[in-house]
Amino acid sequence: MTTLRMTSDLRRQLILGAAKRCFARNGFAGTTTKSVAAAAAISEALLFKHFPSKAALYAEILAEECEADPELAHLLGLEPSTAALVELMQGMVRHFMQMSDGPDREEEEQRLRLMTTSHLEDGEFARLLYAKVEKLIGSMFIASLQAAIASGDAVRIGSKPLNLFWFAHHTVLTAALTRLPSVPCLSYGEAADLDRQLCEFLLRGVGLNRSRNRCASHPAHAGGRGRAGCCRKCMTMNIATEPKLAGKPVDGKGRRPVRPVRWFIIVGLLLALVVGALVGFNAFRSHMIAQFFANNKPPPANVSVAEAATEVVPNLITAVGGLAAVHQVNVTSDVSGRVTDILFTAGSHVKSGAALVQLFDGPEQGDLATFKAQATMTQLSLDRARQLAARQFGPQATVDQAQSSYDQALAGIAKTEAIISQKLVRAPFEGELGVRAVEVGQFLTAGTTIVSLTDLNELYANFTVTEKDSGQLKVGQTVRIKVDAYPGKAFEGKITTIEPQILADTRNIRVQATIANPDHILKPGMFATTTIVLPDKPAVVTVPETAVDYTLYGDSVFLITEKKGDDGKTTLTAVRTFVQTGNRIDGRAEIVKGLKAGDRVVAVGQIKVPSGSAVTISTDPLPSVPAKPPRY
């Protein structure tokens, strides 16, 4: 199967069709690009690929409606001439000045407000719409004006004829703005006279210098009045004719006409005055709002203050590790056999060599008796052989044979006694027994665990230290151990072993300390927090730990400074000052850089103090450091 791919033009038309439905149903303000994308069944990103904003989409719809308007097509199809120029000005006046009389009054007024608001804000919609108007009608206006100049019906004004079109357009737009409220801002009189007067004003303004009544009486314009309302969607101009419009002087008696440039200057000044008033009002409002917030200062915050002090901070290295026994073993049997007697109590303290378990040794006892009887017999035979040999009655070979038999009997006795001793399991050293793992009558194979035996008099504390701190370590340094089982209690020991190699995977070094445990309260396997006590460093500046504000952007404190006001009174302000911190010990934080001794900092209440704000010092004491700080 083949998949039909939608072309860019077809997708653009699909988006415009969906947007027309959304704008017709919800209006410009109630329509969003998300709703248009949903109506077109596309993503919002694909919508922005064709139309960068809602204003661009709306302007494109208005431009399409104008291009499809038959009256606009008629105007664009006219031969450029003075008559076409007159029609253009008439249509523009009728469109704007008769906007409130049409069937789509609310929609037209909404677009006019949108156009005005766009001028006061980012101007995006106005720029897009002006570009569409220039593309549709600009060339027609320029060609018609040039034709009128060439025929002697108009004079050239300036080097950019398109500016004359925009001057006329802005003049009519400003006049229409006065009629936008429900009660018009300015009453011009009768609508027919107003349209005629405004048309004459615009035609004289673009340079028309004599009457062109023949343009109005031409057969092609006989039904001109019925074409009012063309291209209202785009707020451009209407294709309508006014047979009575002429380029004569206002009174028709040969008076000198008013210079059009002067009138354009007057209208431009009025327009600038209106726009300037709006801009000035917005600037005044922003200034008053800023002045209000500038004078609306909050009262000083009440904070607790602490003074930075110089003190000698213990030089410590903290690490984590675990405890291990100096002597610990799982007691096993060297030989296999059946348990006949258990000679210990689980959890008891035993001496070195104490009997623990007896295995069945009946066969070995029998072998021992046999070897002892053989030894007695062979000894008697050896003695007789020696006596006979001494009297020259027997050979020396008999003596040697008897000696060998006697030695074999003694070897059998020694072997059997060793096996019998193996079947009586004893404690290899003094210590504490663990949980019994055997029962009477159980057959044990060699190596089976019977019970654990641990010497608790001394323990090892095994921990690791970073490569950076390894140069400060020495054998014999004091180590303090804390365990979770006894919070607040420290156990001291000495470093006995430092691993000569750095671990390649973690770049740490193993350290082992020996801890005396006379009360047997420490157990092997406990998690331990280890602190190595190093020689003291010089005195440093410290502050309460609560005074330091730790953030991703750096550590800081609020420094109390005194400031004299215009009235001579001294006020206290808290200024955020970034510092470099060191170790934290017993509720105090070491300040390596950023403060000096005697500086006052906020210790409690920083959360309600912006940098540079006024503060007052609270008389409440600082919170004390808890004797047992929370673990988590």
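This is a short tour of a predicted model, stop by stop, with residues to select at each one.

**Stop 1: the helical core**

Start by selecting M89, M92, F125, F141, V172 and L202. Within the largest nonpolar core, which has 48 residues, these six touch the most other members. Now colour the helices around them: α4 (54-68), α6 (82-97), α7, α8 (124-150), α9 and α10 each give two or more residues to this core. Which of them gives the largest share? That is α8, with twelve residues. As background for this stop, nonpolar side chains in soluble globular proteins tend to be buried together.

**Stop 2: the second largest pocket**

Next, select T171, T174, A175, Y188 and V267. They lie nearest the centre of the second largest pocket, among the 37 residues that line it. The space inside comes to about 1300 Å³.

To see what the lining is made of, show α7 (105-120), α9 (161-177), α10 (191-205) and α12 (260-295), since each of these supplies at least two lining residues. Which helix gives the most? It is α12, with eleven residues. If you colour the lining by residue type, you should get 26 nonpolar, seven polar and four charged residues.

While α12 is on screen, pick out N282, which lies in that helix. N282 is partly exposed, at 30% relative accessible area. Then add L120 and draw a C-alpha to C-alpha distance: the two residues are 162 apart in sequence, yet 9.8 Å apart in space.

**Stop 3: a salt bridge within one helix**

The structure holds ten salt bridges, and the tour visits some of them. Begin with R196 and E200, whose side chains meet at 3.2 Å, N to O. Both residues sit in helix α10, four residues apart, or about one turn of the helix.

Are these two buried or exposed? R196 is partly exposed, with a relative accessible area of 39%. E200 has a relative accessibility of 10%, so E200 counts as buried, the cut-off being under 20%.

**Stop 4: a salt bridge between two loops**

Now jump to K351 and E430. They form a salt bridge with their closest N and O atoms 3.3 Å apart. This pair links distant parts of the chain, 79 residues apart: K351 is in the loop between β5 (349-350) and β6 (355-359), while E430 is in the loop between β7 (424-426) and β8 (431-433). Switch on a surface and you'll find K351 exposed, at 52% relative accessible area, and E430 partly exposed, at 33%.

**Stop 5: an open sheet**

Stay with β6 and β7 and bring in their partners. Four strands form an open sheet in the order β7-β6-β4-β9, with antiparallel pairing. Which strands are at the edges? They are β7 and β9 (443-444), each of which pairs on one side only.

Zoom in on the β9 end. Strand β4 (residues 337-342) runs antiparallel to β9, and two bridges join them. To find one contact point, select R338 and look across to F443 in β9, its bridge partner.

**Stop 6: an enclosed strand**

Select strand β15 (residues 540-544). Five of its five residues are buried, so this strand is largely enclosed by the rest of the structure.

Follow the pairing out in both directions. Strand β2 (residues 309-311) is joined to β15 by three bridges and runs antiparallel to it. Strand β20 (residues 588-593) is also antiparallel to β15, with four bridges between them.

V541 is a handy landmark here. T310 has V541 as its bridge partner in β15, and V541 in turn has I591 as its partner in β20. Select T310, V541 and I591 together to trace that path across the strands.

**Last stop: a salt bridge between strands**

Finish with E562 and R600, whose side chains meet in a salt bridge at 3.7 Å, N to O. E562 lies in strand β17 (residues 554-564) and R600 in strand β21 (residues 600-604), so the pair ties together parts that are 38 residues apart in sequence. On the surface view, E562 is exposed, with 59% relative accessible area, whereas R600 is partly exposed, with 28%.

Definitions and conventions
Residues numbered from 1 in each chain as written. Predicted model: local features only at pLDDT ≥ 70, side-chain atom pairs only at ≥ 80, totals over all residues. Heavy atoms only, no water. 1 Å grid on protein atoms, 1.4 Å probe; cavity = no way out; pocket = protein on both sides within 12 Å on 5 of 7 lines; lining within 4 Å. Points joined across faces, edges and corners; volume = space filled by probe spheres on them. Nonpolar A, V, L, I, M, F, W, Y, C, P; charged D, E, K, R; others polar. Salt bridge = Lys/Arg side-chain N within 4 Å of Asp/Glu carboxyl O. Buried < 20%, exposed > 50% of the residue type's maximum accessible area, 1.4 Å probe, protein only. Pairing = 2+ DSSP bridges. Core = buried A, V, L, I, M, F, W, Y, C linked by side-chain atoms within 4.5 Å.
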